Every structure is written in C-alpha cells, then in structure tokens.
Amino acid sequence: MAPKKAKTVAVVGAGLVGTLEACMMAKRGYEVHLYEYRQDIRQMEHVPGRSINLAMSVRGRTGLGAVGVEEQIVQRHGIAMKARMIHSLDGTTKSIPYNREGKCIFSVGRRFVNEVLLTRAEDFPNVTIHFNHKLEACDLERGEMTFTNTATGERVSTRADLMIGCDGAYSNVRKQMLKRAHFNYKQEYIPHGYMELCIPATPDGEFAMPPNYLHIWPRGNYMMIALPNQDRSWTVTLFMPFEIFGTLTTPEELLSFFQTNYPDAIPLIGREKLINDFFSNKPLPMISVKCSPYHVGNTSVIMGDAAHAMVPFYGQGMNCGMEDCVVLNEILDQYGDDLTKALPAYSKRRNPDAEAIVDLAMYNYVEMRDLVNSPFFLLRKKLDDFLSIILPGRWQPLYTMVTFSRRPYSSCIANKTWQDKVIMRVSRVAGVACVAALARVALQAVREPAAQQAGRDALMWVSQAASRAWQG
C-alpha cells in the first residue's frame with residue numbers, strides 16, 4: 001500500500017536488517033535511500049568483521065519470505081541442523097533434537113544472505129544504495145543527515161521524511177538518541193570473548209563430521225561450537241573468558257589446552273592449522289544492549305542491533321532483527337502508514353520482546369556450555385516433550401516457542417515461568433506421595449514392639465518431610 005505521509009526513507013546501514021528493511025519499505029511505495037559505510041561487499045574478496053555463520057529460524061525466514069528471497073536463501077543455500085551434537089571429553093557424542101516433530105534450524109552464510117538482500121533491494125526502482133557513506137551527524141527530529149564519502153572524502157548532506165537506524169551495536173543513530181532526555185540505555189560486555197577457527201573439508205571434499213547438527217563441546221566455563229558451511233567446511237567458534245585466552249601464548253600451551261579440553265577437535269582442525277588460525281586472530285568482545293524508546297517523534301526509529309544487540313547464544317540476533325522489520329510492517333498496515341501513531345506503537349510493542357530475548361541469549365550461554373551435560377536438563381527436556389504430547393497447544397518447550405514460532409519473546413518467557421511453577425508443584429506432590437509411602441512403612445514398624453521408638457522417630461521425620469515438600 002502506498003504511504004500516506006512519509007515519502008522518502010533513509011535506511012542507515014546495509015547489513016542484514018538494513019537491506020531487508022529497505023526492501024520492505026520499497027514494497028510499500030516509499031522512495032528509499034540505503035546508506036552503507038563499507039564498499040559493496042559483493043565486490044570484496046574478504047569481508048571483515050562479524051561471524052560468517054548464522055542460524056536461521058522461523059522469525060528470520062518470515063522476513064525473507066516477505067520480500068521473496070526465503071527459498072533462494074534457506075531452501076537452496078541453507079544446511080538443515082536438526083539437533084545439537086554434544087561432544088564429551090572422551091570423544092563420544094550424543095544428539096539432542098531441537099524438536100520432537102523434527103523441525104530444524106538452518107546454517108546460512110552471513111555474506112551470502114547480505115548479498116542476496118542487496119541484489120533484491122536493487123530490483124526495486126525506488127531504492128538507491130549509497131556505498132562508502134559514513135554517517136557523521138543527524139538531526140533526529142528534522143530527518144537531516146550528514147555523511148562522509150569514505151572513497152572521496154566529500155561531505156554529503158541530505159534529509160528524509162523517515163530515518164531508520166540499522167547501523168549495528170555501535171550505532172551512530174543511537175548515539176544521537178543518547179543525547180535526548182528520557183532515553184534509557186544500558187550496555188554490558190560479558191567477560192568472555194570469541195574466536196573463529198575452521199574445520200576444513202576432508203581430502204575427498206566431504207564433511208569431517210555429521211553435517212545436519214550444531215556441534216557443541218560444552219566445558220563448563222567455556223565451550224566450542226561448529227556450524228556447517230556449503231563448501232563442506234565448518235566454522236568453529238571458541239568461547240571462553242579473555243583471561244584464559246590470555247594464558248595461551250605459545251603453540252605448546254595452545255595444543256596442551258586443546259588436548260585437555262577438545263582432544264577430538266585437534267585432528268579435525270589439524271595441528272598446524274589450529275596454531276596458525278589461533279595466533280593469526282584475536283578474541284573479540286560480545287556486548288548486550290538495551291534501550292528505549294526506539295523512536296523519536298514520527299521521523300526516526302532504530303532496529304536490529306542498534307536497538308537490542310545480544311550475545312549470540314540463542315541464535316536469535318539476526319532472527320530478531322529481521323522480525324523487527326516484519327513487526328514494523330504489520331504496524332504500518334495497522335495504522336495506514338501514519339508514522340505519528342506507528343512509531344510509538346512499534347516502540348511499545350517491540351521493546352519488551354527485544355529485552356526478553358537479550359536476557360534469554362545470556363541465559364542460553366550457561367545452558368550451552370554447561371547444562372546440556374546435566375541429567376536434570378535432559379530429564380526436563382524429556383518431560384517437556386512428554387507434556388507437549390499430552391497437552392498439545394498448551395505445553396511447548398521454551399526453545400520450541402522461541403525458535404519455531406513467532407510468539408512474542410516476552411510471552412515465551414511468561415509461559416515458561418508458568419510451566420516451571422506447574423512442574424515445581426507436581427514435584428512437590430510427588431515428594432509428598434513418596435513421603436506417604438514411607439509413612440506406611442513407619443506405621444507398620446510401630447506395630448512391632450521392638451521397633452516402636454524407631455517407628456515414632458520415622459513418623460516425626462515423615463511429618464517434617466511432608467511439610468517441607470509441600471511448602472517448597
């Protein structure tokens with residue numbers, strides 16, 4: 001539908017979220033200008049920066065489908081991952097399916113997705129892409145922007161009816177919002193860093209491990225994961241505290257560390273490749289960002305990492321950012337492109353969900369690096385699967401809600417909280433039932449004269465235990 005008020009949109013940042021948003025706004029009939037500080041990545045031999053691997057799930061796929069590229073990216077390019085494959089210290093592995101119905105997530109290449117979206121944006125005659133344009137300053141209320149052309153050094157001033165900041169965790173658009181009263185902002189660097197390594201394809205060009213899994217080496221305070229690539233290699237990401245990275249200063253220390261913690265990965269990566277890749281890189285930081293509101297008046301809004309950067313442990317960073325585009329599009333439909341109503345409604349609706357997934361991503365780091373080895377984690381997963389069978393539609397595991405639906409993130413957490421209370425109450429009832437069984441044994445003992453005192457002691461213990469079980 002054609003916009004009623006805003007005619008020109010400036011999208012700052014031509015990453016995954018920015019290019020998708022440019023496509024969506026172009027579909028609505030706006031004149032879209034997409035600004036990117038880098039050169040065209042389709043012309044670059046190597047693209048520095050973020051992880052090359054992404055885990056695509058329903059929320060991201062919905063965004064891609066809205067602009068007609070889901071099949072090209074997911075069905076033709078993605079590699080299905082149906083389960084976690086857990087690597088133990090002794091080299092044994094076990095799989096933990098993501099979903100009892102066989103649903104899966106897809107490993108896709110960041111660069112490939114970005115290139116497809118850039119090309120799709122160029123399909124629209126009302127989209128103009130400006131590469132090598134770095135945002136220097138902007139007036140959020142007037143929609144005025146000043147860019148520097150990094151190729152020529154020229155300064156360029158322009159304006160738009162709506163400015164959309166999709167310029168990442170260190171957003172320049174958000175920096176301008178920080179200068180305003182009543183803008184809430186919180187950022188947190190976790191003490192862990194990450195480094196990308198690589199498991200190459202085998203000499204005969206095949207995967208070195210079973211490909212349809214997200215492989216995890218959980219080791220308590222740190223972990224390693226691997227996602228499959230189209231060329232049969234694996235992108236391996238090592239997560240651990242910076243202080244541990246700092247102790248690995250020689251090849252001998254590195255190999256000793258891997259021999260102790262990831263012995264089965266050494267032959268997969270290769271000793272020399274491991275040494276070369278590790279010492280050719282440095283660990284990178286991970287940041288969480290929360291802020292609100294996401295808009296200024298009817299002229300500016302931020303989306304994606306600019307609004308809610310998160311650590312990568314729920315695989316929802318890209319998916320959440322792409323869902324931002326879907327949500328804004330739905331709200332624009334609802335309000336007939338009246339930005340005076342749509343932008344405040346977007347902030348109000350999206351902020352609680354974005355903050356919820358930021359928190360969930362932090363929690364999942366603990367789960368992935370440690371809890372996946374816990375018998376209680378595995379028991380809870382089996383219990384969730386069982387309850388989802390006998391209570392269809394009413395009981396869904398948290399991961400299923402987050403990854404395989406578009407249920408609002410905050411609602412997923414609320415439902416998980418309810419489920420935890422139910423399981424806690426069931427556990428207490430089960431505890432009382434066990435105590436009752438013991439009580440019967442104690443009563444029988446009381447009837448025997450020689451065991452009367454022991455029986456009375458047992459009854460007292462049973463009474464106290466039952467009270468504790470019920471009260472929690």
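Biologist: Happy to look at this with you! At roughly what angle do the axes of helix H1 (residues 16-27) and helix H11 (residues 317-334) cross?

Modeller: Gladly, and bear in mind that this is a predicted model. The axes of H1 and H11 come within 9 Å. Their crossing angle is roughly 20°.

Biologist: Are H1 and H11 roughly parallel or roughly antiparallel?

Modeller: Angles under 35 degrees count as roughly parallel, and these axes cross at roughly 20°. H1 also passes H11 in a right-handed crossing. The angle therefore makes H1 and H11 roughly parallel.

Biologist: How many residues of the contact of H1 with H11 are nonpolar?

Modeller: H1 contributes Leu-16, Val-17, Leu-20, Glu-21, Met-24 and Met-25. From H11 come several residues, including Met-318, Gly-321, Cys-325 and Leu-332. Two residues of the contact are polar and one is charged. The nonpolar ones number eleven.

Biologist: Now to the sheet, if you like. Which strands stand at the edges?

Modeller: Six strands form an open sheet with mixed pairing, in the order E6-E5-E15-E16-E17-E14. Each edge strand has a single partner strand, so one side of each is left without a neighbour in the sheet. The edge strands are E6 (93-97) and E14 (192-199).

Biologist: Which residue in E6 is the bridge partner of Met-85?

Modeller: Strand E5 (residues 83-87) runs antiparallel to E6, and five bridges join them. For Met-85, the bridge partner in E6 is Ser-95.

Biologist: One last one: which helix lies across E14 and strand E17 (234-241)?

Modeller: The helix in question spans residues 271-280 and runs at about 140° to E14. That helix is H9.

Terms used
Residues are numbered from 1 along each chain as its sequence is written. This is a predicted model: local features need pLDDT of at least 70, side-chain atom pairs count only at pLDDT 80 or more; totals for chains, interfaces and linings use all residues. Side-chain values use heavy atoms; hydrogens and water are left out. Two strands pair if DSSP finds at least two bridges between them. Helices (H or I, at least four residues) and strands (E, at least two) are DSSP runs, numbered from the N terminus. Contact means heavy atoms within 4.5 Å. Axes are lines fitted to C-alpha atoms, for helices over the stretch in contact, and angles run from 0 to 180 degrees between N-to-C directions. Angles under 35 degrees count as roughly parallel, over 145 as roughly antiparallel, 65 to 115 as roughly perpendicular and the rest as oblique. A crossing is left-handed if the near helix is turned anticlockwise from the far one by less than a right angle, and right-handed if clockwise. Ala, Val, Leu, Ile, Met, Phe, Trp, Tyr, Cys and Pro count as nonpolar, Asp, Glu, Lys and Arg as charged, and the others, Gly among them, as polar.
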